[in-house]
Amino acid sequence: SNNTIICGEYSNAAGNGIQVDYGATAVVNGNTITGYTSDTEWSATGILVLRGGKITKIKDNEISYCQIAICLTTDYDAEGDNTFLAEEAETANTFENCLTNVYRSENSSETADES
């Protein structure tokens with residue numbers, strides 16, 4: 001909570017500002033995240049949750065100039081993983097100049113909230 005995370009430019013890379021992965025549980029509140037873009041086939045994200053990670057609370061984050069501001073993907077989940085992103089992700093955060101605000105790829109059903 002309450003971090004400032006600024007991504008520099010990296011060629012042939014897709015960075016993630018905050019990544020909740022491999023069964024970790026996190027509360028992600030009050031951060032300023034900016035500048036996560038990619039020039040590869042991978043998408044860069046401000047906040048990424050995958051492989052059984054769980055974000056139980058996510059609010060008051062200011063996310064700007066990111067390719068995807070907040071991303072949940074189950075594409076890499078193993079059997080039994082229960083990747084989770086709190087529903088408040090869409091409404092309790094501030095987005096500015098992101099290509100996609102919140103992207104959820106769950107159980108082969110993809111949805112995106114485009115900015």
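**Exercise 1. A salt bridge between two loops**

Which side chain meets that of D21 in a salt bridge, and what is the N to O distance? Work with the model above, which is predicted.

*Solution.*
Step 1. Find the partner. The side chain of D21 meets the side chain of R51 in a salt bridge, at 2.5 Å from N to O.
Step 2. Place both residues. D21 belongs to the loop between β2 and β3, while R51 belongs to the loop between β5 and β6, so the salt bridge ties together parts that are 30 residues apart in sequence.
Step 3. Classify each residue by its accessibility. Buried means under 20% relative accessible area. D21 has a relative accessible area of 12%, so D21 is buried. R51 has 24% and therefore counts as partly exposed.

**Exercise 2. The other salt bridges**

Find how many salt bridges the whole structure has, and describe those formed by R104.

*Solution.*
Step 1. Take the total. A search of the whole structure gives three salt bridges.
Step 2. Look at E87. This residue forms a salt bridge with R104, and the closest N and O atoms are 3.9 Å apart. E87 is in the loop between β9 and β10 (94-96) and R104 is in strand β11 (residues 100-106), so this pair ties together parts 17 residues apart in sequence.
Step 3. Look at E90. R104 also forms a salt bridge with E90, with the closest N and O atoms 2.7 Å apart. E90 lies in the loop between β9 and β10, and R104 in strand β11, so here the parts tied together are 14 residues apart in sequence.
Step 4. Join the pairs. Through salt bridges that share partners, E87, E90 and R104 form one network.
Step 5. Compare the accessibility classes. E87 is exposed at 60% relative accessible area, E90 is partly exposed at 25%, and R104 is buried at 7%.

**Exercise 3. Positive phi angles**

Describe the backbone angle phi of N12 and of R51, and place both residues in the chain.

*Solution.*
Step 1. Take N12. Its phi is near 60°, which is positive although the residue is not glycine.
Step 2. Place N12. The residue sits in the loop between β1 (4-6) and β2 (16-20). N12 is exposed, since its relative accessible area is 63% and the class begins over 50%.
Step 3. Take R51. Phi is near 45° in R51, again a positive value in a residue other than glycine.
Step 4. Place R51. The loop that holds R51 runs between β5 (45-49) and β6 (54-59). This is the R51 that meets D21 in a salt bridge.

**Exercise 4. A sheet of three strands**

Work out the strand order of the open sheet that contains β6, and name its edge strands.

*Solution.*
Step 1. Write the order. The sheet has three strands, β3-β6-β9, and their pairing is parallel.
Step 2. Find the edges. β3 (25-29) and β9 (84-85) each pair on one side only, and they are the edge strands.
Step 3. Recall what holds strands together. Strands of a sheet pair through backbone hydrogen bonds.
Step 4. Examine one pair. β3 and β6 run parallel and are joined by five bridges. For V27, the bridge partner in β6 is K57.

**Exercise 5. The cavity and the core**

Describe the lining of the largest cavity, then say which strands supply residues to the largest nonpolar core.

*Solution.*
Step 1. Count the cavities. There is one cavity of 30 Å³ or more, and the largest holds about 30 Å³ of space.
Step 2. List the lining. The residues around the largest cavity are C7, G8, Y10, A13, A14, G15 and T37.
Step 3. Sort them. Four are nonpolar, three are polar and none is charged.
Step 4. Turn to the core. The largest nonpolar core has 23 residues, and those that touch the most other members are I33, I47, I55, I58, I63, I70 and L85.
Step 5. Find the strands. At least two residues of this core come from each of β2, β3, β5, β6 and β8 (68-73). β8 gives the most, with three residues.
Step 6. Recall the general tendency. In soluble globular proteins, nonpolar side chains tend to be buried together.

How values were computed. Residues numbered from 1 in each chain as written. Predicted model: local features only at pLDDT ≥ 70, side-chain atom pairs only at ≥ 80, totals over all residues. Heavy atoms only, no water. Helix = DSSP H or I, 4+ residues; strand = E, 2+ residues; numbered from the N terminus. Buried < 20%, exposed > 50% of the residue type's maximum accessible area, 1.4 Å probe, protein only. Pairing = 2+ DSSP bridges. Salt bridge = Lys/Arg side-chain N within 4 Å of Asp/Glu carboxyl O. 1 Å grid on protein atoms, 1.4 Å probe; cavity = no way out; pocket = protein on both sides within 12 Å on 5 of 7 lines; lining within 4 Å. Points joined across faces, edges and corners; volume = space filled by probe spheres on them. Nonpolar A, V, L, I, M, F, W, Y, C, P; charged D, E, K, R; others polar. Core = buried A, V, L, I, M, F, W, Y, C linked by side-chain atoms within 4.5 Å.
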